[in-house]
Amino acid sequence: MPAKLDVVVIGGGQAGLATAYFLRRAGLDYLVLDNQSAPGGAWQHTWDSLHLFSPSQWSSLPGWQMPVTHDTYPSRNEVIDYLARYEERYHIPVRRPVHVKSVSRVQGGLLVSTDRGEWIARAVVSATGTWSAPYVPDYPGREIFSGRQMHSAQYRNPDDLRGQNVLVVGGGNSGAQILAEISTVCDATWVTPQEPVFLPDDVDGRVLFERATARWQALRDRHTTTAPVGGLGDIVMVASVREARARGVLHAMHPFSHFDADGVVWSDGTHSRVDVVIWCTGFRPALKHLDPLQICDANGLPRTDGTHARDEGRLWLVGYGEWCGAASATLIGVMRGAREAAHGIAQYLRPIQPSNASAS
Ligand code: FAD
């Protein structure tokens, strides 16, 4: 018989841990299921040299500020260490590795089916992130290109790219940081759909978070003020990107027209030989496990009111990005959505009994 409990949180990355922090404070009976064999979520799989674009005090989960780190911007290893210690600090019950295959409706709640058994939960939080759902756009001829292709999710370091012709496709922080790194060892060409947007040198994640908060407040208060521009996709001038600018490599090309077997053909008909393509083209939310609930629209997104799924009242979604909370896919930004989801679940599971009117 599946074990029964109040809440199952699917995903033990920063979003799952932040939600667990608030569920614990609400005194709810919950369990986190995570398919990794160690703590740290997607941070375990980023490239070796990745650093945050915000200082540690602007990259903290609820309750415990990330310890000041060696550099201004924490390394991915320092983030992983912080998340692992956060789990211990708050005694968060994480069962891993457990892969959730599906969430479906049953009598008495939602059935969470996994490769290690089943649970019936009265409420479910999906916090599975995006890393396991890399997005690669369809380019004509991609299937006949004989060179190597990888997504930024698979990129670790430039060691095996030395001396090759590499195309970096994508104009966000991943594209800029990977171009900056590999251009020191190979002939790198940057392709972006539009002109890349570089933030001023003194703007980092702090300002982006403040702008996302202003947008969130503007939307919440339905003010017509034009929310400040500058989203998380704009390029933060971290040290490696500034250094690449000084080397003159931050020049982006408009998209090529198609692949052929050994390279790409540009819109003017010229050809470039390419050995490797690195797709820095972002991610989609990893929501396959929710398919049985049939709540996602044609774009693969569920309708939500904040973090609460509109078409399944026992489901909350945390940490996927703007559609479930401004800056919710960042360490500092996930707190709002995590707190909102835990509060909503507590209210759903223990509706506040209207105080009985005193007998007249
Ligand atoms: P994840 O970290 O992906 O955690 C989700 C967990 O759920 C993972 O362990 C995953 O394996 C697991 N999971 C997925 N599906 C299942 C399933 N079916 N069953 C069980 N477990 C499952 N944010 C910042 O705040 N500052 C930055 O500087 C920053 N830089 C970034 C740089 C890059 C290149 C990228 C890609 C993102 C960056 N982010 C940054 C954004 C964000 O912090 C990360 O994406 C973060 O990993 C999101 O955390 P999460 O918990 O939502 O997802």
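This is a short tour of a predicted model, stop by stop, with something to select at each one.

**Stop 1: the ligand and its neighbours**

Start by selecting the ligand, then show the residues around it. There are 28 of them, and the nearest are Asp34, Asn35, Gln36, Phe53 and Leu331. What kinds of residue make up this shell? Try colouring by type: you should find 14 nonpolar residues, 13 polar ones and one charged residue.

**Stop 2: polar contacts with the backbone**

Keep the ligand on screen and turn on the backbone atoms of Ala15, Val100 and Leu331. At Leu331, a backbone N or O atom sits 2.7 Å from an oxygen atom of the ligand. At Ala15, a polar backbone atom is 2.9 Å from a ligand oxygen. Val100 also uses a backbone N or O atom, but here the partner is a nitrogen atom of the ligand, 2.9 Å away. How much of the ligand does the protein bury? On its own the ligand would expose 980 Å², and the protein buries 90% of that.

**Stop 3: helix α1 and its two partners**

Now select helix α1, residues 14-25, together with helix α6, residues 334-349. Their axes come within 8 Å and cross at roughly 45°. The two helices are therefore oblique to each other. Look along the crossing to judge its hand: α1 passes α6 in a right-handed way.

Leave α1 selected and swap α6 for α2, residues 76-89. Are α1 and α2 roughly parallel or roughly antiparallel? Their axes cross at roughly 25° and come within 11 Å. Angles under 35 degrees count as roughly parallel, so that is the description for α1 and α2. This time the crossing is left-handed.

**Stop 4: two spots in the loops**

Follow the chain out of α2 into the loop that leads to β3, and pick His91 there. His91 is not a glycine, yet its phi is positive, at about 45°. Why is that worth a pause? Most residues other than glycine have a negative phi, and most peptide bonds are trans.

The second half of that rule matters for the next selection. Go on past β3 (94-95) to the loop before β4 (100-106), where you will find Pro97. Which form does the peptide bond from Arg96 to Pro97 take, cis or trans? The bond is cis, with omega near -5°.

**Stop 5: one more helix pair**

Finish by selecting α3, residues 173-182, and α5, residues 239-246. These helices pack at an angle of about 60°, and their axes are 9 Å apart. The pair α3 and α5 is therefore oblique. Turn the view to check the hand of the crossing, which is left-handed.

Terms used. Residues are numbered from 1 along each chain as its sequence is written. This is a predicted model: local features need pLDDT of at least 70, side-chain atom pairs count only at pLDDT 80 or more; totals for chains, interfaces and linings use all residues. Side-chain values use heavy atoms; hydrogens and water are left out. A residue is near a molecule or strand if one of its heavy atoms lies within 4 Å of it. A polar contact is a pair of N or O atoms within 3.5 Å; within protein, one must be able to donate a hydrogen and the other to accept it, and residues adjacent in sequence count only if both atoms are side-chain atoms. Accessible areas come from the Shrake-Rupley method with a 1.4 Å probe; for residues, only the protein chains shown count as cover. Ala, Val, Leu, Ile, Met, Phe, Trp, Tyr, Cys and Pro count as nonpolar, Asp, Glu, Lys and Arg as charged, and the others, Gly among them, as polar. Axes are lines fitted to C-alpha atoms, for helices over the stretch in contact, and angles run from 0 to 180 degrees between N-to-C directions. Helices (H or I, at least four residues) and strands (E, at least two) are DSSP runs, numbered from the N terminus. Angles under 35 degrees count as roughly parallel, over 145 as roughly antiparallel, 65 to 115 as roughly perpendicular and the rest as oblique. A crossing is left-handed if the near helix is turned anticlockwise from the far one by less than a right angle, and right-handed if clockwise.
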